[in-house]
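Here is a short tour for anyone who likes to think in charges and contacts. Have the model open as you read.

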Amino acid sequence: MAFRILVCAKQVPDTNEITINPETGTLQRDGVPSILNPDDANALEQALMIKDQYDDVEVTVITMGPPQAEAMVYECIAMGADAGIIVSDRAVGGSDTWATSNACKAAIDKYVAENGDYDLIFAGRQAIDGDTAQVGPQIAEKLDIPQVTYVEEFKLAEDRKSVEVKRQLEDGYDLIEVQLPCMLTCIKELNAPRYMSIGRIYADKDIKIWNADDINVDRNIVGLKASPTNVFKSFTPAPKEPGIKLVGDTEKDLAKALLINLKKKHAI
């Protein structure tokens, strides 16, 4: 029986190229290239590392997006994934994280109905276009499976029934053992994603495109109208004023200059 891994991924605009319209406060996406979300690349790489270790591993990438998301799925398969699933339908367009997780959960349910149960789900910590870090955990909650976020180290047990992970925190880390199936969201420290291979770039691609009817999702829980999140404005923060450079021949001179400046600002 195959060991099945799902990787939830997203095609995002390259934030190095994106700008904000100063008048409308909206993102200007025209002409901006789309890429595989960086944290999702780490999630895919971890799945592929397991596939490299065992002969019976199947890796399937699941995404939701417009038709051009197919290019991202092609890239994932060229990196080593076995298949891809794209949920693409105007009915799911404009979904926020809650509505997106509803659609992804429905797609996973359809995958299970057609292929059998999954053993492990990977996702990136967050997407660089929204930075919410919500979709992975929400999918796990709706699938009713355990989850660990911010995974920076990973080890699969020899019996492949559990995993040991190191979870990054702001002031330390957690070491956690989790029974499978589970959801793990990955950070860049976990690994270094591989490049596409020439052979796989030109190989046949197993990609399925499903609409809202295919995944049998309630249209009242997906799409813009079903999304409780509203973004009223996006803006680029104003640049900070330049700091004050202190000049002196000795540390005593610098300390004196610092003291004078602090007094002028009534800081002391």
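What follows looks at salt bridges first and then at one helix. Please keep in mind that this is a predicted model.

The structure holds 14 salt bridges. Three of them are set out here.

| Pair | Closest N to O distance |
|---|---|
| Arg194 and Asp52 | 2.8 Å |
| Lys110 and Glu114 | 2.8 Å |
| Arg219 and Asp213 | 3.1 Å |

Let us start with the pair of Arg194 and Asp52. Arg194 sits in the loop between β12 and α5 (198–201), while Asp52 belongs to helix α1 (residues 38–53), so their salt bridge ties together parts 142 residues apart in sequence. Arg194 is partly exposed at 26% relative accessible area, whereas Asp52 is exposed at 54%. Both also take part in a network of salt bridges that includes Glu45.

Lys110 and Glu114 both lie in helix α3, four residues apart, or about one turn of the helix. An α-helix has 3.6 residues a turn, so residues three or four places apart point the same way. Glu114 is partly exposed, with a relative accessible area of 42%.

In the third pair, Arg219 is partly exposed at 43%, and Asp213 counts as exposed at 53%.

Now for the helix: which residues of α4 (135–143) are buried? They are Gly136, Pro137, Gln138, Ile139, Ala140 and Leu143. These buried residues pack against the strands β1 (3–8), β8 (120–124), β9 (147–156) and β12 (183–186), and against helix α3 (97–115). After α4 comes Asp144, which has a positive phi, near 60°.

Key: Residues are numbered from 1 along each chain as its sequence is written. This is a predicted model: local features need pLDDT of at least 70, side-chain atom pairs count only at pLDDT 80 or more; totals for chains, interfaces and linings use all residues. Side-chain values use heavy atoms; hydrogens and water are left out. Buried means under 20% relative accessible area, exposed over 50%, partly exposed in between (1.4 Å probe, protein chains only). Helices (H or I, at least four residues) and strands (E, at least two) are DSSP runs, numbered from the N terminus. Contact means heavy atoms within 4.5 Å. A salt bridge is a side-chain nitrogen of Lys or Arg within 4 Å of a carboxyl oxygen of Asp or Glu.
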